[in-house]
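Q: I have a model open and would like to learn how to read its features one by one. Could you walk me through it?

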Amino acid sequence: MKTIVEINQKTCIGCGLCSKVCSKKILKMNHKKVEVVDYPDWSCCQCGLCMAVCPTQSIQVNGLNYNEFVALPENKLDYKILEKMLSSRRSIRSFRDSNVEREVLNKVIRASAMSPIGALPANVQLIVMDRKKELDELYKDTVRCWKKMMQSMKNPIYKIISKRVAGANQYHALTHHALPSARICCKSADKGKNIFTFNAPAIMFFHGKKISVCITENCWLAASYATIAAHSLGLGSIFSGMIPPIVNMNKDVKRKLGIPDENNIYSCLMMGYPAVEFKRKIPRKHKNVMYLK
Ligand SMILES: Cc1cc2nc3c(=O)[nH]c(=O)nc-3n(C[C@H](O)[C@H](O)[C@H](O)COP(=O)(O)O)c2cc1C
Ligand code: SF4
Ligand code: SF4
């Protein structure tokens with residue numbers, strides 16, 4: 001259905017800001033008056049940029065409501081505070097045995113939805129697991145499926161097929177990183193130590209349709225905002241590289257989580273109140289930074 005964009009010409013002051021921010025070129029200035037051009041049905045993606053910038057609230061995009069556009073504070077975020085917050089975040093692998101309140105989880109979710117999105121409308125979906133029964137079951141499924149996978153990989157024909165299906169890069173990641181890690185995690189599981197989910201009391205799965213544009217990037221951006229938000233709320237969190245492939249490859253596990261077959265999990269963030277506190281920040285740098293002359 002086509003999104004209707006309307007201008008209230010009585011209140012519009014002709015500043016032209018809306019036409020500057022609309023990436024779809026739907027709003028055009030004509031002699032200090034803004035016009036809505038004839039645009040294709042799919043064109044307006046309801047990004048809301050025009051409504052967010054208009055000083056006189058003169059634009060109405062169907063489906064969006066000014067009541068939900070909260071005024072932004074004048075003062076911008078202080079870089080020193082931001083750097084202090086980011087540098088004090090660490091991945092947490094030991095959690096207190098207490099639940100995370102849903103109102104706190106909801107704040108993490110709200111912040112994660114504020115990340116940049118490649119190709120609107122939003123296509124990231126979230127599943128939140130915060131009940132012991134489901135968390136325990138996921139852990140058992142993860143151990144069971146990785147053990148099965150390690151067994152299968154002993155079969156040379158299975159190896160050849162996996163390489164064909166996964167492609168050279170993914171196969172290398174599987175054999176050189178995921179499988180060796182899974183071996184360690186499964187050995188720990190046999191000794192009663194959970195280093196797959198670290199007994200985190202809450203797990204967020206960021207998923208979406210496999211065919212959706214930018215879905216991998218969008219899930220990762222949302223998840224990285226979530227990890228920062230979690231930290232700001234006193235939670236510790238850690239990504240799992242071991243759970244998504246298991247869920248994506250096993251339809252029964254996927255269905256238990258309520259994830260449709262046509263979707264994949266792209267990022268998985270485990271969180272809870274941390275049982276450890278770090279005393280020092282770790283120096284972190286990119287491998288290489290170079291300004292081109
Ligand atoms: C894609 C991805 C997958 C990860 N998977 C795991 C994992 O399965 N197990 C784990 O202990 N840590 C995992 N991590 C956490 C990293 O090991 C962690 O970010 C790294 O140790 C850096 O530590 P820091 O977050 O404290 O800076 C993962 C991180 C990313 C980005
Ligand atoms: S909602 Fe976005 S795409 Fe639609 S008119 Fe406004 S700025 Fe343009
Ligand atoms: S931003 Fe608002 S006031 Fe400015 S030209 Fe567009 S509709 Fe008119």
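A: Happy to, and let us begin with burial: a residue is buried if 20 or more other C-beta atoms lie within 10 Å of its own, exposed if 12 or fewer, and partly exposed in between. Keep in mind that this is a predicted model.

Q: Which residues of helix α4 are buried?
A: Helix α4 covers residues 102-112, and its buried residues are Leu105, Val108 and Ser112. They share one side of α4, because the arc they cover around the axis is only 55°. Glu103, Asn106 and Arg110, on the other side of α4, are exposed.

Q: What do the buried residues of α4 pack against?
A: Their partners are two strands and a helix: β5 (125-129), β6 (202-209) and α8 (215-232).

Q: How does burial look over the chain as a whole, and how many helices and strands are there?
A: Of the 293 residues in the chain, 24% are buried. The chain contains ten helices and eight strands, and its C-alpha trace spans about 75 × 50 × 45 Å along the principal axes. Among contacts with a separation of 6 or more, 74% are between residues 24 or more positions apart.

Q: Into which domains is the chain divided?
A: There are domain 1 (5-68) and domain 2 (86-272). Taken over C-alpha atoms, their centres are separated by 39 Å.

Q: How do I read a pair of strands such as β2 and β3, and how many bridges join them?
A: A general idea helps here: in a regular strand the side chains alternate between the two faces of the sheet. In this case, β2 (residues 27-30) and β3 (residues 33-36) run antiparallel and are joined by four bridges. Met29 has Val34 of β3 opposite. The hairpin leaves two residues between the strands, and His31 there takes a positive phi near 50°.

Q: Now the ligands. Which residues come nearest to ligand 3?
A: A shell can be read by its members and then by their classes. Ligand 3 has 15 residues around it, of which Cys12, Cys15, Cys18, Cys54 and Ser58 come nearest. The classes in this shell are eleven nonpolar, four polar and no charged residues.

Q: And which residues are closest to ligand 2?
A: Ligand 2 is surrounded by 14 residues, the closest being Cys22, Cys44, Cys47, Leu49 and Cys50. By class, its shell holds eleven nonpolar residues, two polar and one charged.

Q: What are the residues around ligand 1?
A: Here the list is Arg90, Ser91, Arg93, Ile238, Phe239, Ser240, Gly241 and Met242. They divide into three nonpolar, three polar and two charged.

Q: Let me pick Met242 from that list. Where does Met242 lie?
A: Met242 is in the loop between β7 (236-239) and α9 (243-249). Met242 has 17 other C-beta atoms within 10 Å, so it counts as partly exposed. Not counting residues up to four places away in sequence, Met242 touches Thr142, Ala178, Ser181, Ala182, Cys185 and Phe196. Thr227 is 15 residues from Met242 along the chain, and their C-alpha atoms are separated by 17 Å.

Q: One last loop: is Lys193 buried or exposed?
A: Lys193 counts as exposed because it has 12 C-beta neighbours inside 10 Å. Its place is in the loop between α7 (168-190) and β6. Lys193 and Asn65 lie 50 Å apart in space, C-alpha to C-alpha, and 128 residues apart in sequence.

Technical notes: Residues are numbered from 1 along each chain as its sequence is written. Chains are lettered from A and ligands numbered from 1 in the order in which they are written. This is a predicted model: local features need pLDDT of at least 70, side-chain atom pairs count only at pLDDT 80 or more; totals for chains, interfaces and linings use all residues. A residue is near a molecule or strand if its C-beta atom, placed from the backbone, lies within 6 Å of it. Ala, Val, Leu, Ile, Met, Phe, Trp, Tyr, Cys and Pro count as nonpolar, Asp, Glu, Lys and Arg as charged, and the others, Gly among them, as polar. The arc is that of the directions from the helix axis to the C-beta atoms. Two residues are in contact if their C-beta atoms, placed from the backbone, lie within 7 Å. Domain bounds come from an automatic or database domain assignment. Two strands pair if DSSP finds at least two bridges between them.
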